[in-house]
Amino acid sequence: MDLRLQGKTALVTGASRGIGLAITRSLIDEGVTVVAAARNVDGDLKSLPAEAVAVDLAAADGPARLVDEAVSRAGGIDILVNNVGGVRPRPGGFVSVTDDDWLRTLNLDLMSAVRTTRAALPSLLERTGTIVTVCSVNATLPDPLVIDYSAAKAACLSFFKSLSKEVGGRGVRVNTVSPGPVATDLWLGKGGVAETVAGASGNEPGKVAAGAAAESVTGRFTRPEEVADLVVFLASDRAGNLTGTDIVIDGGMTQTM
Ligand SMILES: NC(=O)c1ccc[n+]([C@@H]2O[C@H](COP(=O)([O-])OP(=O)(O)OC[C@H]3O[C@@H](n4cnc5c(N)ncnc54)[C@H](OP(=O)(O)O)[C@@H]3O)[C@@H](O)[C@H]2O)c1
């Protein structure tokens, strides 16, 4: 299927690893000029023909600086992919999560997307562009182990649904993608979910990951490339009448209809 994305421009956040790197690769393969942002852009991004920008998107002024840079390097933004995010499991329970912990999570998992979107919206409106945000199944499957992350992702889902109603009439489509466990550093890397939960419970990281995989009917983690395929489809005109939608990609883990 020709996604007709050739010649478009995109801004992808959290693009140096995992899902964001896979999205960047897929967009480039479709002929899109990609501005790719993360704090450290010296790794795998270097081998891609992307416009890499080093920026801390949890800092209040990071998103606006990034959007300015993206507009000046690419001429404007047709596709905004809000992908940046992170999670820290809370094996100590709710009372162990301090105000600072909450604010860090809300900044990274909610406000970075709010601020990036606010800064990019004029360009998106001018070009009747589109926004795809990587949310999480935890937006609708609240979990005390990731209590602050679940709340931030729920707010993120609500925010983008509201925004889809405000800007839909002006031609900007706004959708979210909500993955279950994906095989990236966030889950499987150093300090990731598997290692942290294993450390707190005296278990092996591999067994924690296997337990999470077993919760899906497919019995495995989603691959970053599978999330990327979905994001790239939503970003294309092939999804022209899809807006205000959240698409779950979790191998059948979610049990509700
Ligand atoms: N993996 C999963 O199981 C899963 C499931 C559901 C939803 N998600 C969501 O999917 C998105 C991507 O997750 P992932 O699994 O690909 O994570 P990941 O492998 O940990 O990658 C995170 C990316 O974000 C960048 N980043 C982190 N903090 C940043 C900051 N303050 N400023 C700028 N860039 C920053 C990282 O690069 P630097 O460290 O160089 O900055 C990296 O490129 C997140 O929103 C996450 O919540 C993931």
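**Ligand shell, cavity and a salt bridge**

Student: Which arginine puts a side-chain N or O atom near an oxygen of the ligand, and at what distance?

Tutor: In this predicted model, the side chain of arginine 17 has an N or O atom that is 2.7 Å from an oxygen atom of the ligand.

Student: And which backbone atoms lie by ligand oxygens?

Tutor: Glycine 14 has a backbone N or O atom 3.3 Å from an oxygen atom of the ligand, and for asparagine 40 a backbone N or O atom lies 3.0 Å from a ligand oxygen.

Student: How much of the ligand's accessible area does the protein cover?

Tutor: On its own the ligand has 880 Å² of accessible area, and the protein covers 94% of that.

Student: OK, which elements give two or more residues to the shell?

Tutor: Those elements are helix H1, spanning 18-29, helix H4, spanning 147-167, and helix H5, spanning 185-188, with the largest share, 3 residues, coming from H5.

Student: How many residues surround the ligand, and which are the closest?

Tutor: The ligand is surrounded by 30 residues, of which Ser16, Arg17, Tyr149, Val182 and Thr184 are the closest; sorted by character, the shell holds 16 nonpolar, 9 polar and 5 charged residues.

Student: Switching topic: how many cavities of 30 Å³ or more turn up in the whole structure?

Tutor: The search of the whole structure finds 1 cavity of 30 Å³ or more, and the space in the largest cavity comes to about 30 Å³.

Student: What lines the largest cavity?

Tutor: Its lining is made of Asn82, Val84, Asp109, Ser112, Ala113, Thr133, Val134, Lys153 and Cys156, and these divide into 4 nonpolar, 3 polar and 2 charged residues.

Student: Which elements supply at least two of those lining residues?

Tutor: Helix H3 (99-126), strand E5 (130-134) and H4 each do so, and H3 gives the most, with 3 residues.

Student: Last one, salt bridges: how many are there?

Tutor: The count comes to 10 salt bridges, and one of the pairs forming a salt bridge is arginine 73 with glutamate 69, where the closest N and O atoms are 2.9 Å apart.

Student: Where do arginine 73 and glutamate 69 sit along the helix?

Tutor: Both belong to helix H2, residues 62-74, and because arginine 73 and glutamate 69 are 4 residues apart there, about one helical turn separates them.

Definitions and conventions:
Residues are numbered from 1 along each chain as its sequence is written. This is a predicted model: local features need pLDDT of at least 70, side-chain atom pairs count only at pLDDT 80 or more; totals for chains, interfaces and linings use all residues. Side-chain values use heavy atoms; hydrogens and water are left out. A residue is near a molecule or strand if one of its heavy atoms lies within 4 Å of it. A polar contact is a pair of N or O atoms within 3.5 Å; within protein, one must be able to donate a hydrogen and the other to accept it, and residues adjacent in sequence count only if both atoms are side-chain atoms. Accessible areas come from the Shrake-Rupley method with a 1.4 Å probe; for residues, only the protein chains shown count as cover. Ala, Val, Leu, Ile, Met, Phe, Trp, Tyr, Cys and Pro count as nonpolar, Asp, Glu, Lys and Arg as charged, and the others, Gly among them, as polar. On a 1 Å grid over the protein atoms alone, a cavity is a set of points where a 1.4 Å probe fits but cannot get out, and a pocket is an open set with protein on both sides within 12 Å along at least five of seven lines; lining residues have an atom within 4 Å of a point. Grid points are joined across faces, edges and corners, and a volume is the space filled by probe spheres set on the points. A salt bridge is a side-chain nitrogen of Lys or Arg within 4 Å of a carboxyl oxygen of Asp or Glu.
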